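Here is a short briefing to read alongside the model. Keep the viewer open and follow the topics at your own pace.

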Amino acid sequence: MSCEHLICARCSGPVVEGRCPACRAARAEVHRPGPFGLSPILIIGALVLALTLLIALKLGLH
């Protein structure tokens with residue numbers, strides 16, 4: 001999800017600009033990093049890569 005098209009109900013400004021405390025809080029919620037400061041997409045990609053390597057090693061040994 002992106003905050004580019006969200007409009008703040010408090011100040012009527014774009015949330016992406018962060019004009020008021022409500023905008024800044026909403027923007028921080030949308031762009032909250034995952035565990036260890038990494039994005040969820042990066043974590044999922046690393047897990048898929050690790051799983052692929054494990055399967056390749058398992059198939060290559062037999």
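There are zero disulfides in this predicted structure. Two cysteines are worth a look in this respect, Cys20 and Cys23.

**Cysteines**
- Cys20 takes part in no disulfide, and the cysteine sulfur nearest to its own, that of Cys23, lies 3.6 Å away.
- For Cys23, the nearest cysteine sulfur belongs to Cys8 at 3.5 Å, and Cys23 is likewise in no disulfide.
- Why do these distances not count? A disulfide here requires two cysteine sulfur atoms within 2.5 Å, and the sulfur of Cys20 has its nearest partner at 3.6 Å, that of Cys23 at 3.5 Å.
- As a reminder, a disulfide is a covalent bond joining the sulfur atoms of two cysteines.
- Cys20 is buried, at 9% relative accessible area.
- Cys23 is buried too, with a relative accessibility of 0%.

**Fold and contacts**
- The protein chain has two helices and zero strands.
- One of them is helix α2, which spans residues 40-61 and includes Leu51.
- Of the contacts with a separation of 6 or more, 17% link residues 24 or more positions apart.

**Surface and burial**
- How much of the protein chain is buried? Of its 62 residues, 11% are.
- The chain exposes about 5,100 Å², and 70% of that comes from carbon and sulfur atoms.
- Leu51, Ile55 and Leu59 make up a nonpolar surface patch, and together they have about 320 Å² of accessible area.

Conventions. Residues numbered from 1 in each chain as written. Predicted model: local features only at pLDDT ≥ 70, side-chain atom pairs only at ≥ 80, totals over all residues. Heavy atoms only, no water. Helix = DSSP H or I, 4+ residues; strand = E, 2+ residues; numbered from the N terminus. Buried < 20%, exposed > 50% of the residue type's maximum accessible area, 1.4 Å probe, protein only. Contact = heavy atoms within 4.5 Å. Areas by Shrake-Rupley, 256 points an atom, 1.4 Å probe, with all protein chains shown as cover. Patch = residues over 30% accessible without salt bridge, like charges linked within 9 Å, V, L, I, M, F, W, Y side chains within 5 Å. Salt bridge = Lys/Arg side-chain N within 4 Å of Asp/Glu carboxyl O.
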